[in-house]
Amino acid sequence: MPTLELLAPIDEKSPVNRILQSQGVTPYHICYEVDDFDQILTQLRKEEKFVRVSKPAPACAIANRRVAFMFRKDVGLVELVEKEAK
């Protein structure tokens with residue numbers, strides 16, 4: 001099932017404020033948890049012509065799994081999350 005993550009700014013300096021001011025309350029991006037993180041990044045860049053917005057980096061909020069953001073004009077912002085190791 002899809003999971004929705006709702007974000008709210010924690011203070012006046014939060015980057016969430018900028019997004020709310022420019023776009024209002026709206027879906028900001030879609031996130032996919034992927035099995036082969038590196039392969040999907042390469043495929044999106046080379047075959048699907050996405051632009052990497054952020055380098056893969058560990059996210060402390062999700063057990064240091066790697067995340068990366070990709071963008072394509074006709075799709076929008078996509079977040080990739082490395083699937084949790086079992």
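Lys83 has a relative accessibility of 37%, so this residue counts as partly exposed. The model in which it sits is a predicted one. Lys83 is a useful starting point, as its side chain takes part in a salt bridge with Asp35, where the closest N and O atoms are 3.4 Å apart. The two partners belong to distant parts of the chain, 48 residues apart: Lys83 is in the segment after E5, and Asp35 is in the loop between strand E1 (30-34) and helix H2 (37-46). Asp35 has a relative accessibility of 65% and therefore counts as exposed, because the cut-off for that class is over 50%.

In general, side chains of opposite charge can pair when their charged atoms come close. The structure holds 6 salt bridges, and the one between Lys83 and Asp35 is among them.

Another salt bridge involves helix H2. The side chains of Arg66 and Asp38 meet there, with a distance of 3.1 Å from N to O. This pair also links distant parts of the chain, since Arg66 lies in strand E4 and Asp38 in helix H2, 28 residues apart. Both residues are partly exposed: Arg66 has a relative accessible area of 25%, and Asp38 has one of 42%.

Which residue forms a salt bridge with Arg66 at a closest N and O distance of 2.9 Å? That residue is Glu82. Glu82 lies in strand E5 and Arg66 in strand E4, so their contact ties together parts that are 16 residues apart in sequence. With a relative accessible area of 21%, Glu82 is partly exposed; the buried class would require a value under 20%. Asp38, Arg66 and Glu82 are joined into one network by salt bridges that share partners.

The strands that hold Arg66 and Glu82 also pair with each other. E4 and strand E5 (residues 76-82) are antiparallel and are connected by 6 bridges. Within this pairing, Ala68 has Leu80 in E5 as its bridge partner. The two strands make a hairpin, with 3 residues between them. As a general point, side chains in a regular strand alternate between the two faces of the sheet.

E4 has further pairings. With strand E3 (residues 57-59), E4 pairs in the antiparallel sense over 3 bridges. Here Arg66 appears again, this time as the bridge partner in E4 of Pro58. E3 and E4 also form a hairpin, with 5 residues between the strands, and in this hairpin Ala63 takes a positive phi near 60 degrees.

Strand E2 (residues 51-52) contains Arg52. E2 is joined by 2 bridges to strand E4 (residues 65-72), and the two run antiparallel. The bridge partner of Arg52 in E4 is Met70. E4 thus comes up in the pairing with E2, the pairing with E3 and the pairing with E5.

Arg52 leads back to the surface. Its relative accessibility is 39%, so Arg52 counts as partly exposed. Together with Arg45, Lys46 and Lys55, Arg52 gathers in a patch of positive charge on the surface.

Methods:
Residues numbered from 1 in each chain as written. Predicted model: local features only at pLDDT ≥ 70, side-chain atom pairs only at ≥ 80, totals over all residues. Heavy atoms only, no water. Patch = residues over 30% accessible without salt bridge, like charges linked within 9 Å, V, L, I, M, F, W, Y side chains within 5 Å. Areas by Shrake-Rupley, 256 points an atom, 1.4 Å probe, with all protein chains shown as cover. Salt bridge = Lys/Arg side-chain N within 4 Å of Asp/Glu carboxyl O. Lys, Arg positive; Asp, Glu negative; His and termini not counted. Charge placed at Lys NZ, Arg CZ, Asp CG, Glu CD. Helix = DSSP H or I, 4+ residues; strand = E, 2+ residues; numbered from the N terminus. Buried < 20%, exposed > 50% of the residue type's maximum accessible area, 1.4 Å probe, protein only. Pairing = 2+ DSSP bridges.
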